[in-house]
Amino acid sequence: MEHKQFESLRDTDPKGQLYRAWQLKELLRTPLKHPIGQATTELDRWVFRASRSRIPEIVGLAKKIRRRRPGILRTIRPGYSNARLEAFDNRIKVTIRMAYGFHHVDNLIALVMLRCGGLDIRLPQPAI
C-alpha cells in the first residue's frame, strides 16, 4: 500500500526528491538484515548513493554515517536490536512515574533495582 502511494508520488513530485529520499530511507534498512560482510558493502553502497543524491538532509546523514561507520558496524556485528534497551528504558520511566511523591531518591533507586534487577519475589499466599 505504502509503496504504491510513493510510486504515484514519483510522477507528481517535480524534482523527485521525496521519492528518492524514501528509496534511500528504505535502502538504509538493508544493512541490518545481512551478515557483517555484506552489511559493510551495503552500508558503503548506501553512503555512496546518498552523498550524490543532491538532497541536503540525506547528504548530511551520509556524512554522519561515514564519520561514525566503525561504531555502526560494531553495532551490526552481534546482530542484536536495541529492543531490550528500549524495554528497560520504558520500564524505568514507568517506575519513575509510579514513584511520584517519594521523599528520597534512594527509594526510587531501590524500586528501579527491584523492578529491573531480575529478582522474582513471590509473596506468601494465604492458605484456602
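# Exercises on an all-helical predicted model

The accessible surface of the chain amounts to about 10500 Å², and 59% of this area belongs to carbon and sulfur atoms. The structure is a predicted model, and the exercises below work through its helices, its cores and its side-chain pairs.

## Exercise 1. The chain as a whole

Task: Establish which elements build the chain, how many of its residues count as buried, and what share of its contacts joins residues at least 24 apart.

Solution. Begin with the elements: the chain contains seven helices and zero strands, so that their order from the N terminus reads α-α-α-α-α-α-α under the DSSP assignment of helices and strands. Turn next to burial, for which the cut-off is a relative accessible area under 20%; of the 128 residues of the chain, 21% count as buried. Finally, consider the contacts between residues at least 6 apart in sequence, among which 38% join residues at least 24 apart.

## Exercise 2. Helix H3 and its cover

Task: Describe the span of helix H3, identify its buried residues, and state what covers them.

Solution. Helix H3 takes in residues 36–51, which is 16 residues, and from its first C-alpha to its last it reaches 22 Å, close to the 22 Å expected at 1.5 Å a residue. Its buried residues are Ala-39, Thr-40, Glu-42, Leu-43, Trp-46, Val-47 and Ala-50. An α-helix has 3.6 residues a turn, so residues three or four places apart point the same way. The cover over the buried residues of H3 includes helix H2 (17–28), helix H4 (56–67) and helix H5 (69–76).

## Exercise 3. The nonpolar cores

Task: List the residues of the largest nonpolar core, and determine which helix gives the most to this core.

Solution. The largest nonpolar core has 12 residues, namely Leu-24, Ala-39, Leu-43, Trp-46, Val-47, Ala-50, Ile-55, Ile-58, Ala-62, Ile-65, Leu-73 and Ile-76. Sorting these by element, one finds that H3, H4 and H5 each supply at least two residues of the core, and that H3 gives the most, with five residues. Apart from this core lies another one of five residues, including Ala-99, Leu-108, Leu-111 and Cys-116. One member of the largest core, Leu-73, can be followed through its contacts: with neighbours within four places in sequence left aside, Leu-73 is in contact with Ile-36, Thr-40 and Leu-43. As general background, nonpolar side chains in soluble globular proteins tend to be buried together.

## Exercise 4. Salt bridges

Task: Find which residues are joined into one network by salt bridges that share partners, and which pair ties H5 to H3.

Solution. The structure holds five salt bridges, of which three are examined here, starting with the pair that links two helices. Arg-69 forms a salt bridge with Asp-44, the closest N and O atoms being 2.8 Å apart. Because Arg-69 lies in helix H5 and Asp-44 in helix H3, the pair ties together parts that are 25 residues apart in sequence. Both partners are partly exposed, Arg-69 at 26% relative accessibility and Asp-44 at 35%.

The network is then built up from its separate bridges. The side chains of Glu-26 and Lys-25 meet at 2.5 Å, N to O, while those of Arg-29 and Glu-26 meet at 3.5 Å, N to O. Through such shared partners, Lys-25, Glu-26 and Arg-29 are joined into one network. As to accessibility, Glu-26 is partly exposed at 26%, Lys-25 is partly exposed at 39%, and Arg-29 is likewise partly exposed at 43%.

## Exercise 5. An aromatic pair

Task: Classify the geometry of the aromatic pair that a search of the whole structure finds, and say where its residues lie.

Solution. The search finds one aromatic pair. The ring centres of Tyr-19 and Trp-22 are 6.0 Å apart and the planes meet at 35 degrees, so the pair is classed as tilted. Tyr-19 and Trp-22 are three residues apart in helix H2, and therefore about one helical turn separates them. Both are buried, Tyr-19 with a relative accessible area of 6% and Trp-22 at 11% relative accessibility.

## Exercise 6. A backbone angle in a loop

Task: Locate Arg-54, describe its phi angle, and decide whether Arg-54 is buried or exposed.

Solution. Arg-54 is placed in the loop between H3 and H4. Its phi is near 65 degrees, a positive value in a residue other than glycine. With a relative accessible area of 69%, Arg-54 is exposed, the cut-off for this class being over 50%.

Notes
Residues are numbered from 1 along each chain as its sequence is written. This is a predicted model: local features need pLDDT of at least 70, side-chain atom pairs count only at pLDDT 80 or more; totals for chains, interfaces and linings use all residues. Side-chain values use heavy atoms; hydrogens and water are left out. Helices (H or I, at least four residues) and strands (E, at least two) are DSSP runs, numbered from the N terminus. The expected span of a helix is 1.5 Å times one less than its number of residues. Buried means under 20% relative accessible area, exposed over 50%, partly exposed in between (1.4 Å probe, protein chains only). Contact means heavy atoms within 4.5 Å. Accessible areas come from the Shrake-Rupley method with a 1.4 Å probe; for residues, only the protein chains shown count as cover. A salt bridge is a side-chain nitrogen of Lys or Arg within 4 Å of a carboxyl oxygen of Asp or Glu. Rings of Phe, Tyr and Trp (its six-membered ring) pair if their centres lie within 6.5 Å; planes under 30 degrees apart count as stacked, over 60 as edge-to-face and the rest as tilted. A nonpolar core is a set of buried Ala, Val, Leu, Ile, Met, Phe, Trp, Tyr and Cys residues joined through side-chain atoms within 4.5 Å.
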